[in-house]
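Biologist: Could you walk me through what sits inside this protein? I would like to begin with a single side chain and then work outwards.

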Amino acid sequence: MVARTSFIWIAEEQGFFAKYGIDPELILMSRGPVLIAGLTSGDVQIGNTGGTAALNAAIGGVELKLIATFNSRWVNNVVARSGIQSAKDLARKRFGISSFGGTQWMGTMLWLEHLGLDPQKDDIRFLVIGDQTVLAQGLETGTIDAANLDSAFSRKLKQKGFSVLTDASKVNLPIVSQGIVVTADYLHKQPRVAESVLQALIEGLAFTVAPANKAAVFRTMTKRLGLTEPAALEEGYQEILTSLDRKPYPSLDGMKNIQRLAKIREPRLGNINLENIIDDSLMRKLDASGFIDRAYAAYGIR
């Protein structure tokens, strides 16, 4: 769970799901394949997940539709031990990742491309050691030389003298980090429910980014994430403001990057027609009707 998901809890706590006729049960699923299995079985109707899970589902014969993308670019930063001061210093170093082929690995690859580095030519060695907590520990113990971490871990390590080599707020690296997915069958049978969920989430985001509601958002972040330090709360809030899409159309560019990188590990993914996964019909309807603009205007945001 990260600060960027706060708008979903806000939508529940502020009654926006109920406002649009939905009474959801929000279930935390730690891994994409578990969510996909839930969608396939019908135990879960609508999910919030990365594009990698949607793409992998396709080669398994599951017809999913990506109907919205609330986070369409990579927001983590490259953090390195103090002796590494520039991108070129990453050559011949050990880069920690959570897994090969996962979203975190893809974000790392996008950063290396942006920095002009090639893992093979520059002899960058990937070590699979665990999630962000373990990666941060690996940096501190010297097990790895660099890792791709979110703002909270980046801030803490920077305070300890580690180098933060990138600034995600100033670079657009398209990738689907938070996508709303449903099965094609469910979307066909229950389009109004899916639309209502999007309405609730959009208003949840509008409420979240409105300056007047900052204190309420902090309370939700404290309750859901356990954040209590003012600096951590502020950093999480700033990440919400800069990383989430106000008009969350499903991102084709983000899915293209995922497919391009994922097929390195699984060539079959390169044969999938992404246009069969993306369905922007509900977002186009909400945008054309003026709903999105009205939702933000109601909270003083133009």
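**From one side chain to the cores**

Modeller: A polar atom in the side chain of T108 lies 3.0 Å from the backbone oxygen of Q104, and please keep in mind that this is a predicted model.

Biologist: Where is T108 placed, and is T108 buried or exposed?

Modeller: T108 is in helix α5, and because its relative accessibility is 0%, below the 20% limit, T108 counts as buried.

Biologist: What does T108 touch, leaving out residues up to four places away in sequence?

Modeller: With those left out, T108 touches F95, I97, F126 and N148.

Biologist: And the largest nonpolar core, how many residues has it, and which have the most contacts inside it?

Modeller: That core has 44 residues, and those with the most contacts inside it are L55, L90, F95, F126 and M255. Among the elements that give two or more residues to this core are α3, α4, β2 and α12, while α5 gives the most, with six residues.

Biologist: Which residues is L90 in contact with, neighbours within four places aside?

Modeller: Setting those neighbours aside, L90 is in contact with ten names worth finding in the viewer, including V78, I84, F95, L112, I124 and L165. There is also a second, separate core of 43 residues, which includes A11, Y186, A216 and I301.

Biologist: New topic: how many aromatic pairs does the structure hold?

Modeller: The structure holds eight aromatic pairs. One of them is formed by F7 and F70, a tilted pair with 4.7 Å from centre to centre and 35 degrees between the planes.

Biologist: Which parts does the pair of F7 and F70 tie together?

Modeller: F7 lies in helix α1 and F70 in strand β2, so this pair ties together parts that are 63 residues apart in sequence. F7 is buried, with a relative accessible area of 1%, and F70 counts as buried too, at 0% relative accessibility.

Biologist: Why is the pair of F207 and Y299 edge-to-face?

Modeller: The planes of the F207 and Y299 rings are at 80 degrees, which is over 60, so the pair is edge-to-face, and the ring centres are 5.7 Å apart. F207 lies in helix α9 and Y299 in the segment after α14, so the pair ties together parts 92 residues apart in sequence.

Biologist: Are F207 and Y299 buried or exposed?

Modeller: F207 is buried, with a relative accessible area of 8%, whereas Y299 counts as partly exposed at 23% relative accessibility. Together with F16, F207 and Y299 form one aromatic cluster.

Note on methods:
Residues are numbered from 1 along each chain as its sequence is written. This is a predicted model: local features need pLDDT of at least 70, side-chain atom pairs count only at pLDDT 80 or more; totals for chains, interfaces and linings use all residues. Side-chain values use heavy atoms; hydrogens and water are left out. A nonpolar core is a set of buried Ala, Val, Leu, Ile, Met, Phe, Trp, Tyr and Cys residues joined through side-chain atoms within 4.5 Å. Buried means under 20% relative accessible area, exposed over 50%, partly exposed in between (1.4 Å probe, protein chains only). Helices (H or I, at least four residues) and strands (E, at least two) are DSSP runs, numbered from the N terminus. Contact means heavy atoms within 4.5 Å. A polar contact is a pair of N or O atoms within 3.5 Å; within protein, one must be able to donate a hydrogen and the other to accept it, and residues adjacent in sequence count only if both atoms are side-chain atoms. Rings of Phe, Tyr and Trp (its six-membered ring) pair if their centres lie within 6.5 Å; planes under 30 degrees apart count as stacked, over 60 as edge-to-face and the rest as tilted.
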